[in-house]
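I opened the model today to look up strands, charged pairs and surface. My notes follow, entry by entry.

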Amino acid sequence: MDTTANTVSQIVDVDFPNGVTWAQYLDQYFVVGGDGSGRFYISDLGDGSVWVGTEYANAEGDPDPLIAGIVNYRDLFLFGDASFEIWTNTGNSTFPIERSGNAFGETGCAAVYSVRKALGDVFWLGRDRTGDGVVWRMKGYDPLRVSTHALEWELRQYPRIDDAIGFVYQLGGSAWYVLHFPTADKTWVYNINGSYWHEWLAFDDASGQFHRHRSNCHFMLGRDHVVGDWQSGNLYILDPRVYTDAGETIRRVRTTYADDADLRRVFYASLQLDLQAGVGLPVGQGSEPVMMLRWSNDGGHTWSNVRVATMGKLGEYGARCIWNRLGSGRARVWEISITDPVNAVILGAVMTGEAGNS
């Protein structure tokens, strides 16, 4: 890329390193790496089309291979598979980017395309010499674990995690770190502001099965959040006011757990959701929207039949989503789902029941 002419062209310089997997921009230098050599390379100042074969350095605080790099606040974070170190532009005439003091840590990277930044911090899927599958957030120069034990156990079941792909976006007052696992066919999303995880999947109408979310990458175009579909290559706008995935059903699922403090059998009289009612569409699917309820008394191994309750037709703001006579159980898992293409806002729930003697 020629930054003076604002044009894009193929790099044909014979000194451009082959096999690099990441690229960053720092103080008018293009920085690339990931070719397996442990080196990172820089272009000529202000010109990404010109490269000199001797303009490189080694991330050598640890002998592990260099996996990924990202620029944050004019610092170049370099991740090996067991360590990270931080470099900065010092203006040195021999090689302008040098290691920054003692900014080094023994937390590495498990997937090159998982490294992203948001709200001034760097996020990545980590590994080191003790294990892998922990998601980290760099606060200053200190890595903080943000994955949960449950998520880390989930990741241990995947056949591979080095193919993970991440992106970040801000929408609805929150920033989100999206982490795809193509081989495992899963997507997990971290709410950076709220510090919680949820699973983000696409529902296949034909098979009735969930798969990883369609979005594979993200960029801003004007004020629109544009995502690329990994399966079709199509570009879509990520819009919370649209309640289908490019015409395909979005199946929204919430689960929760309830039991008696003494694990006595509970006889459940009713369950009522506090929700935004009267959101039905004028015609077609969603004109009489419903929520579906099922439950399990054995930790999710087997489930009851599905029961439905109304969310209210368009304008029926006083509609109540309520289920009665819900049987009994000692440790119950509730699952609520909706497939109608309407705005489903659940504010809370009220369950009434009575504990037995044993």
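**Entry 1: starting point**

I am working from a predicted model. I began with Phe-219, which I found in strand E20, residues 215-221. Is Phe-219 buried, exposed or partly exposed? I read a relative accessible area of 36%, so I logged Phe-219 as partly exposed. I then looked for a surface patch around this residue. Phe-219, Leu-221 and Leu-235 make a nonpolar surface patch of about 310 Å².

**Entry 2: a hairpin**

Next I checked E3 and E4. Strand E3 covers residues 39-44 and strand E4 covers residues 47-58. The two pair in the antiparallel sense, over five bridges. I picked Arg-39 and looked for its bridge partner in E4, which is Asn-58. Two residues sit between the strands of this hairpin. I noted the backbone there: Gly-46 takes a positive phi near 75 degrees.

**Entry 3: an open sheet**

In what order do the four strands of the open sheet run? I wrote down E5-E6-E7-E8, with antiparallel pairing. The edge strands are E5 (66-72) and E8, and each of them pairs on one side only. I also looked up the twist. Neighbouring strands of this sheet are turned by 25 degrees against each other on average, direction ignored.

I then went into the pairing of E6 and E7. Strand E6 spans residues 75-80 and pairs with E7 in the antiparallel sense over five bridges. Phe-77 has Ile-86 in E7 as its bridge partner. A reminder for reading such strands: side chains in a regular strand alternate between the two faces of the sheet.

**Entry 4: salt bridges**

How many salt bridges does the structure hold? I have 14 on record. I followed up several of them.

Glu-85 and Arg-99 came up in my search as a salt bridge, with the closest N and O atoms 3.0 Å apart. Glu-85 lies in strand E7 (residues 84-89) and Arg-99 in strand E8 (residues 97-105), so this pair ties together parts that are 14 residues apart in sequence. I checked the cover on both ends. Glu-85 has a relative accessible area of 2%, so I marked it buried. Arg-99 has 34%, so it went down as partly exposed.

Arg-145 and Glu-152 were next. Their closest N and O atoms are 2.7 Å apart, and they form a salt bridge. What is the relative accessibility of each partner? Arg-145 comes out at 38% and counts as partly exposed. Glu-152 comes out at 14% and counts as buried; the cut-off for buried is under 20%.

I then turned to Asp-229 and Arg-214. Their side chains meet in a salt bridge at 3.0 Å, N to O. The pair links distant parts of the chain, 15 residues apart. Asp-229 is in strand E21 (residues 224-229), while Arg-214 is in the loop between strand E19 (209-212) and E20. I logged Asp-229 as buried, with a relative accessible area of 4%. Arg-214 is partly exposed at 22% relative accessibility.

**Entry 5: a charged network**

Which residues are linked in a network of salt bridges? I found Asp-121, Arg-137 and Lys-139 joined in one.

**Entry 6: recap**

I closed with two points to keep at hand. Glu-85, in strand E7, is a buried partner in a salt bridge with Arg-99. Asp-229 is likewise buried and meets Arg-214 in a salt bridge.

Notes:
Residues are numbered from 1 along each chain as its sequence is written. This is a predicted model: local features need pLDDT of at least 70, side-chain atom pairs count only at pLDDT 80 or more; totals for chains, interfaces and linings use all residues. Side-chain values use heavy atoms; hydrogens and water are left out. Patches are made of residues with over 30% relative accessible area and no salt bridge: like charges are joined within 9 Å, nonpolar side chains (Val, Leu, Ile, Met, Phe, Trp, Tyr) within 5 Å. Accessible areas come from the Shrake-Rupley method with a 1.4 Å probe; for residues, only the protein chains shown count as cover. A salt bridge is a side-chain nitrogen of Lys or Arg within 4 Å of a carboxyl oxygen of Asp or Glu. Buried means under 20% relative accessible area, exposed over 50%, partly exposed in between (1.4 Å probe, protein chains only). Two strands pair if DSSP finds at least two bridges between them. Axes are lines fitted to C-alpha atoms, for helices over the stretch in contact, and angles run from 0 to 180 degrees between N-to-C directions.
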